[in-house]
Amino acid sequence: MFGSRKSKQQSPRELYDGLRGQALAIEPAADEFHPSAALPNVWGALLETGYGPEVATLLCLSDGTTSLYTTSGFVIIGGGGHEQVVSATRAFLGAVEAALDAFIPETAAALPGDGETIMHALTFTGLRAIHAPELDLGEGRHPQSAVFHAGQAVITELRLLSEAHEAR
């Protein structure tokens with residue numbers, strides 16, 4: 001599904017919280033996520049950025065599942081059905097895997113504040129994260145800017161698909 005979706009039963013924030021909660025509740029083994037040669041530790045990742053009171057979340061899983069949703073109710077689900085998105089998702093997860101030593105273990109997935117980005121690595125041994133100012137990541141001033149840019153490439157592919165869908 002592409003574009004905005006507002007539920008009559010749920011507020012945009014309730015929709016967002018529900019989608020994010022579902023993602024964070026995934027049990028890798030129960031949902032058939034297993035270590036692979038390319039991803040021995042990472043089975044998924046979230047790239048989350050705070051924009052004032054709003055948050056945008058990109059979810060990427062090793063099976064190609066890719067979604068983007070915001071606290072304002074914008075939702076793109078089903079990106080993993082498109083090869084260009086899956087390719088970008090694999091590259092992002094590969095970048096997370098390669099940089100995993102820079103991710104710090106966490107017990108809960110905090111939401112980012114205004115101007116902050118949190119990259120959450122979903123690993124077979126638990127949640128790990130990098131917290132950084134979005135501007136530093138975006139402008140290459142952070143050691144893990146390449147991971148951030150790999151996530152942004154996924155968002156670009158989702159945006160291009162959404163625009164093509166809307167143009168029909």
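Me: Let's start in the sheet. Which residue in β3 is the bridge partner of leucine 58?

Reply: Leucine 68 is the β3 residue paired with leucine 58. Keep in mind that this is a predicted model. As for the general idea, strands of a sheet pair through backbone hydrogen bonds, and they can do so parallel or antiparallel. Here β2 (residues 54-61) and β3 (residues 66-70) pair in the antiparallel sense over five bridges.

Me: And what joins β2 to β3 along the chain?

Reply: A hairpin, with four residues between the two strands. Glycine 64 sits in that turn and has a positive phi of about 100 degrees. On its other pairing, β3 runs antiparallel to β4 with three bridges, and serine 67 stands opposite isoleucine 77. That pair is a hairpin too, again with four residues between the strands. In its turn, glycine 73 has a positive phi of about 105 degrees.

Me: How do I read the faces of a strand? Is β3 buried or exposed?

Reply: In a regular strand, side chains alternate between the two faces of the sheet. For β3, look at each side: Thr66, Leu68 and Thr70 are on one, Ser67 and Tyr69 on the other, and all are buried. Since five of the five residues are buried, β3 is largely enclosed by the rest of the structure.

Me: What is the order of strands in the whole sheet?

Reply: Seven strands make an open sheet, in the order β4-β3-β2-β1-β6-β7-β5, with antiparallel pairing. β4 (75-77) and β5 stand at the edges with a single partner strand each, so one side of each has no neighbour in the sheet.

Me: How many bridges join the strands from β1 across to β5?

Reply: Take them in turn. β1 and β6 run antiparallel and share seven bridges, with valine 42 partnered by threonine 123. Strand β6 (residues 116-123) is joined to β7 by eight bridges, and there methionine 119 stands opposite isoleucine 130. A hairpin through two residues links β6 to β7. Finally, two bridges join β5 (residues 104-105) to β7 (residues 126-133), where isoleucine 104 has alanine 129 as its partner.

Me: Now the loop between α1 and β1. Is isoleucine 26 buried or exposed there?

Reply: The cut-off for buried is under 20% relative accessible area. Isoleucine 26 lies in that loop, and at 19% it counts as buried. Its C-alpha atom is 9.5 Å from that of leucine 122, although the two residues are 96 apart along the chain.

Me: What about phi in that loop? Which sign does glutamate 32 have?

Reply: The general rule is that most residues other than glycine have a negative phi. Glutamate 32 has a positive phi of about 65 degrees, and it is not a glycine. This residue is in the loop between α1 and β1, and it counts as exposed because its relative accessible area is 61%.

Me: Where does aspartate 31 fit in, and which residues gather with it on the surface?

Reply: Aspartate 31 is in the loop between α1 (12-24) and β1 (42-51). With 42% relative accessibility, aspartate 31 counts as partly exposed. On the surface, Asp31 joins Glu27, Glu32 and Asp63 in a patch of negative charge.

Note on methods: Residues are numbered from 1 along each chain as its sequence is written. This is a predicted model: local features need pLDDT of at least 70, side-chain atom pairs count only at pLDDT 80 or more; totals for chains, interfaces and linings use all residues. Side-chain values use heavy atoms; hydrogens and water are left out. Patches are made of residues with over 30% relative accessible area and no salt bridge: like charges are joined within 9 Å, nonpolar side chains (Val, Leu, Ile, Met, Phe, Trp, Tyr) within 5 Å. Accessible areas come from the Shrake-Rupley method with a 1.4 Å probe; for residues, only the protein chains shown count as cover. A salt bridge is a side-chain nitrogen of Lys or Arg within 4 Å of a carboxyl oxygen of Asp or Glu. Lys and Arg count as positive and Asp and Glu as negative; His and the chain ends are not counted. The place of a charge is taken as NZ of Lys, CZ of Arg, CG of Asp or CD of Glu. Buried means under 20% relative accessible area, exposed over 50%, partly exposed in between (1.4 Å probe, protein chains only). Two strands pair if DSSP finds at least two bridges between them.
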